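Me: I would like to learn how to read a protein model feature by feature. Can we take one feature at a time?

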Amino acid sequence: MAAPTNPTWRNGSFPPELESFHEFFECWLVKQNQDLHDLISASSPARDASDQALRPLIDRVVRHYEHYYTAKSRCAKQSVLPMFSPAWRSSLEDAFLWIGGWRPSMAFHLLYSKSGLQLEAHLAELLRGLTTGDLADLSASQLALIDDLQGSTIREEKGITEKFAKLQETVADASMVELSHAATEMTRDEAAMEEEVEGALAAKEEGLEEILEMADDLRLRTLKEILNILCPMQAVHFLIAAAELHLRIHEWGKKKDETQAQTRHT
Amino acid sequence: MAGICCGVVGESEPSAPAEPSSRGSRLRILDPLPFKFVADRAVPPLSENGRKRHRIEVLPSEGIEGRKPRKARVEEEKVKGVADIKVARTDGSLNSRENVQVEPQECPKFGLTSVCGRRRDMEDAVSVAPSFCSESRQKPNGLHLFGVFDGHGCSHVAIKCKKRLHEIVREEIGRCKESSVQWKEAMERSFARMDNEVEWSDVAKTSNCRCELQTPHCDAVGSTAVVAIVTPDKIIVANCGDSRAVLCRNGVAIPLSSDHKPDRPDELERIQNAGGRVIYWDGARVLGVLAMSRAIGDNYLKPYVIPDPEVTIMDRTAEDECLILASDGLWDVVSNDTACGVARMCLRAQRPPSPPRSPGSDLAVGANAESSDKACSDASILLTKLALARHSTDNVSVVVVDLKRDR
């Protein structure tokens, strides 16, 4: 794991609760990888593709996502700042984060891209009137639901982005400017100063925690709502695409970081 | 704002359930034309540059709009004169709109799909107004209007066109002498009035759009308009901008409109004669801003960008199969020929009871019960999905009108 050390951590290592989330994340990736294999084999034509056969698998994968967000939320309550620059992610992933995670509206692009690939692959069959059972088969009502969901998701996403912007602007509010000035001039007693700084920052961190909570809630909700619109086999294909993208981007990012680290040392 | 609806006036059967029917084995036989017909054209992915203008992002000031419960959602707009269109919404139920006396057999069957796609804002609007002249007693009833409006800058001009244009056209037709509608003039007057309404009407009080209708933003908002009026013996298409109407006649795609692009030689000349310039910046743009040469709205680009439509009048023949109206979200990535090929295959479906396809044992869904408007809807859906599959980065709106009389 090419974890870039973050200068804000005074002792150079992860705080204890973060160490555990880092470990948790690594374990979770292993689990996601297992899920991916199960999803892929469930999607193979030779397998029982009945709803009864697929539902338990889908539910299990969704529970894993839920578990991830529960753990994340618990860790954020202890220490929210690392969640915004997660060291367990590569810098590639970091660059594409929206409020400490994936951008909810991206899910629709994932769906349309995967659906498009399957459509092109099965166009001949579809034109002959065959159904493919995968994401190429999105029906009129499904497409309408997806489109509605996309609209509301983007609205919520914009709302949270706006809240985040307001919070970020408070970094330069009067109390922060006053405190930074006082700290520079050393006009106040050090202990009192530290207390005031802690107090001012605590309010900001509370805001961050609240926004992260909203963002993660929107992420998980968007995922579940998309799955609700899809039929089980389509849901399996969507979950495959989601897991593949997540795992591969993580790998590519780590590789990039390692190469970068090597070139720096040579 | 987007919706997908298939409909035919007077239809009484319930729509398909929202849940997709079971996968795997449902088999609908359409026309077994060779695959090559559609797959022959590879379209390179469009970049974000494909869009109409350099956008001005203005976020709505109000908070987050919560998600409404899906069950209750139906399209609620009541457009006067838009008769009894049944809209299949999210829960699969049907919503009969305010109705006007309409004779069921008169309106051609149609399907429409309109989605936000890979854009962050929905700026397309679609209008369907069957028998839209039925209120004016002196005129024949058999006039049906279909329109696609692709907004830029914001959605409010497109939405205004959707709500008003058919009413304006009705009034303009009403002024014509009995049984001799001067279509070209009537459509030109209608578009001029539409543009005027957009310019002067006080929409600010009712609208809640992204641009918040503040000048100067509001002046930088416009919309394409492609409108087709289907009469018993004619198709009249009035177009302004780069949405397009294509007739599928005996398998051949016949464009009924010609896109208004700033680099179209006659348009370029017109713009230059008016004192304007076309600047190549991310494609040809009027004054380097707008990537089309005509539009409703866009006050700040007048007189270079004009709202005058070009009108095509086409006699209907027995060989006419369907009419496709769509925004450039489709046409940028799907050719006229391909679109016609896809649409006619969906429409020519014979739909016999079909053997299940392995694997799986699900029963074939009662294909015979599906009516032709389902076929139109299938066509508009498939075209939309094809546009998305080919990396369309824009909103996609498609209307397919079945012109076959003996189906």
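Reply: The turns below go through helix packing, burial, cysteines and backbone angles. Keep in mind that this is a predicted model.

Me: At what angle do the axes of helix α2 and helix α9 of chain A cross?

Reply: A crossing angle compares the directions of two helices, and over 145 degrees counts as roughly antiparallel. The axes of α2 (residues 51-78) and α9 (residues 190-229) of chain A cross at roughly 175° and come within 11 Å. The two helices are therefore roughly antiparallel to each other.

Me: Which residues make that contact, and how do they divide into nonpolar, polar and charged?

Reply: From α2(A), the residues in contact include Val62(A), Tyr65(A), Glu66(A) and Lys72(A). From α9(A), they include Leu212(A), Glu213(A), Asp216(A) and Arg219(A). The contact divides into 8 nonpolar, 1 polar and 8 charged residues.

Me: How far apart are the axes of α5 and α7 of chain A, and at what angle do they pack?

Reply: Helix α5 (residues 106-121) and helix α7 (residues 140-169) of chain A have axes 10 Å apart and pack at an angle of about 150°. That angle makes α5(A) roughly antiparallel to α7(A). On the α5(A) side the contact involves Phe108(A), Leu111(A) and Tyr112(A). These meet residues of α7(A), among them Leu143(A), Ile146(A) and Asp147(A). Here the division is 6 nonpolar, 2 polar and 1 charged.

Me: Now chain B. How many helices and strands are there, and what share of the residues is buried?

Reply: Chain B has 7 helices and 15 strands. Of its 407 residues, 59% are buried. Its contacts can also be sorted by distance along the chain: among those with a separation of 6 or more, 74% join residues 24 or more positions apart.

Me: How many residues of helix α6 of chain B are buried?

Reply: A residue counts as buried under 20% relative accessible area. In α6(B), 11 of the 12 residues are buried, so the helix is largely enclosed by the rest of the structure. Among the buried ones are Asn336(B), Cys340(B), Arg344(B) and Leu347(B). The length can be checked too: at 1.5 Å a residue, α6 (residues 336-347) should span 16 Å, and its end C-alpha atoms are 16 Å apart, which agrees.

Me: How many disulfides does the structure hold?

Reply: A disulfide is a covalent bond between the sulfur atoms of two cysteines. Over all chains, the structure holds 0 disulfides. For Cys376(B), the nearest cysteine sulfur is that of Cys322(B), 7.8 Å away. Cys376(B) is buried, with a relative accessible area of 0%. Cys154(B) is also buried, at 0%.

Me: Where is Glu123(B), and is it buried or exposed?

Reply: Glu123(B) is in the loop between β2 (110-115) and β3 (124-129) of chain B. Its relative accessibility is 2%, so Glu123(B) counts as buried. A residue can also be compared with one distant in the sequence: Glu123(B) and Gly222(B) are 99 residues apart along the chain, and their C-alpha atoms are separated by 10.0 Å.

Me: What about the backbone: which peptide bond is cis, and which residues have phi near 45°?

Reply: The bond from Lys302(B) to Pro303(B) is cis, with omega near 5°. Pro303(B) is in the loop between β12 (296-297) and β13 (310-315) of chain B. Phi is near 45° for Ile99(A), a positive value in a residue other than glycine. Ile99(A) lies in the loop between α4 (91-95) and α5 of chain A and counts as buried at 6% relative accessibility. Ser131(B) has phi near 45° as well. Ser131(B) is in the loop between β3 and β4 (144-152) of chain B and counts as buried at 1%.

Note on methods
Residues numbered from 1 in each chain as written. Chains lettered and ligands numbered in written order. Predicted model: local features only at pLDDT ≥ 70, side-chain atom pairs only at ≥ 80, totals over all residues. Heavy atoms only, no water. Axes fitted to C-alpha atoms, helices over the stretch in contact; angles between N-to-C directions. Helix = DSSP H or I, 4+ residues; strand = E, 2+ residues; numbered from the N terminus. Parallel < 35°, antiparallel > 145°, perpendicular 65-115°, else oblique. Contact = heavy atoms within 4.5 Å. Nonpolar A, V, L, I, M, F, W, Y, C, P; charged D, E, K, R; others polar. Expected span 1.5 Å × (residues − 1). Buried < 20%, exposed > 50% of the residue type's maximum accessible area, 1.4 Å probe, protein only. Disulfide = S-S within 2.5 Å.
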